[in-house]
Amino acid sequence: MHPVGEAWLRPFDAEVRLVLPWLSTAARHLLDSHAALECGWGVASAWVRGFNFGNLTAGTSWRGAKWTEANADDEYALDGSVKRVSQTWRAYSTVPDAIA
């Protein structure tokens, strides 16, 4: 494994083990892998600014912390056109809060 990836994965996996001790090894590896992909091994802005490893948006029912980034995402129309849109992301204060 690349040193940068390992530096992010080891502490993340340790948090997953603490918060979700009942997960099977296969399920934990799937969560670790998906989180690594979604947050770019810890460099995506949603992770850096709020431990949001899944790039979860803050919809109208979200009552927690959040932040908005202009031109943060692509929106695809049925006709195939693409436009940049602002996105409001969920923000978590800790990794365990994000996992739970």
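Start by selecting Ser-93 and Asp-97: their side chains make a polar contact of 2.9 Å. A polar contact here is a pair of N or O atoms within 3.5 Å; within protein, one must be able to donate a hydrogen and the other to accept it, and residues adjacent in sequence count only if both atoms are side-chain atoms.

Before going on, a word about what is on your screen. This is a predicted model, in which local features need pLDDT of at least 70 and side-chain atom pairs count only at pLDDT 80 or more, while totals for chains, interfaces and linings use all residues. Residues are numbered from 1 along each chain as its sequence is written, and side-chain values use heavy atoms, with hydrogens and water left out.

**Stop 1: around Ser-93**

Stay with Ser-93, which sits in the loop between strand E2 (82-90) and helix H4 (95-99). Is Ser-93 buried or exposed? Ser-93 is exposed, because its relative accessible area is 59%; the cut-offs are under 20% for buried, over 50% for exposed, and partly exposed in between (1.4 Å probe, protein chains only). Now add Ala-65 to the selection: Ser-93 and Ala-65 are 28 residues apart along the chain, and their C-alpha atoms are separated by 8.3 Å.

**Stop 2: the whole chain**

Zoom out and colour by secondary structure. You should find four helices and two strands, arranged along the sequence as α-α-α-β-β-α. Helices (H or I, at least four residues) and strands (E, at least two) are DSSP runs, numbered from the N terminus. The C-alpha trace spans about 40 × 30 × 25 Å along its principal axes. Of the 100 residues in the chain, 31% are buried.

If your viewer can draw a surface, the accessible surface of the chain comes to about 6500 Å², with 57% belonging to carbon and sulfur atoms. That area comes from the Shrake-Rupley method with a 1.4 Å probe; for residues, only the protein chains shown count as cover.

**Stop 3: inside the chain**

Next, select Trp-8, Phe-12, Trp-47, Phe-53 and Ile-99. Among the 17 residues of the largest nonpolar core, these five touch the most other members. Helix H1 (3-19), helix H2 (25-38) and H4 are the elements that give two or more residues to this core, and H1 gives the most, with four residues. A nonpolar core is a set of buried Ala, Val, Leu, Ile, Met, Phe, Trp, Tyr and Cys residues joined through side-chain atoms within 4.5 Å.

Keep Trp-8 in view and look at what surrounds it. Leaving aside neighbours within four places in sequence, Trp-8 is in contact (heavy atoms within 4.5 Å) with Asp-32, Ala-35, Ala-36, Cys-39, Trp-41, Gly-42 and Trp-47. A second, separate core has five residues, including Ala-46, Trp-67, Ala-72 and Ala-91.

**Stop 4: Asp-13 on helix H1**

Move along to Asp-13, which lies in helix H1. Asp-13 counts as buried because its relative accessible area is 12%. Setting aside neighbours within four places in sequence, Asp-13 is in contact with Arg-28 and Asp-32.

**Stop 5: Asn-52**

Select Asn-52, in the loop between helix H3 (45-50) and strand E1 (66-76). With a relative accessible area of 1%, Asn-52 is buried. Which residues does Asn-52 touch, not counting those up to four places away in sequence? They are Ala-46, Trp-47, Trp-89, Arg-90 and Tyr-92. Show the backbone of Arg-90 as well: its oxygen lies 2.9 Å from a polar atom of the Asn-52 side chain.

**Stop 6: two positive phi values**

Most residues other than glycine have a negative phi. Trp-41, however, has a positive phi near 55°. Trp-41 is in the loop between H2 and H3 and counts as partly exposed, at 37% relative accessibility. Then select Asn-55, which also is not a glycine and has a positive phi of about 55°. Asn-55 belongs to the loop between H3 and E1 and is partly exposed, with a relative accessible area of 24%.

**Stop 7: Glu-69 on strand E1**

Finish at Glu-69, in strand E1. Glu-69 is partly exposed, since its relative accessible area is 27%. Leaving aside neighbours within four places in sequence, Glu-69 is in contact with Ser-45, Ser-86, Gln-87 and Trp-89. Show the side chains of Glu-69 and Ser-45 to see the polar contact of 3.2 Å that joins them. For a last distance, pick Val-85: Glu-69 and Val-85 are 16 residues apart in sequence and 8.9 Å apart in space, C-alpha to C-alpha.
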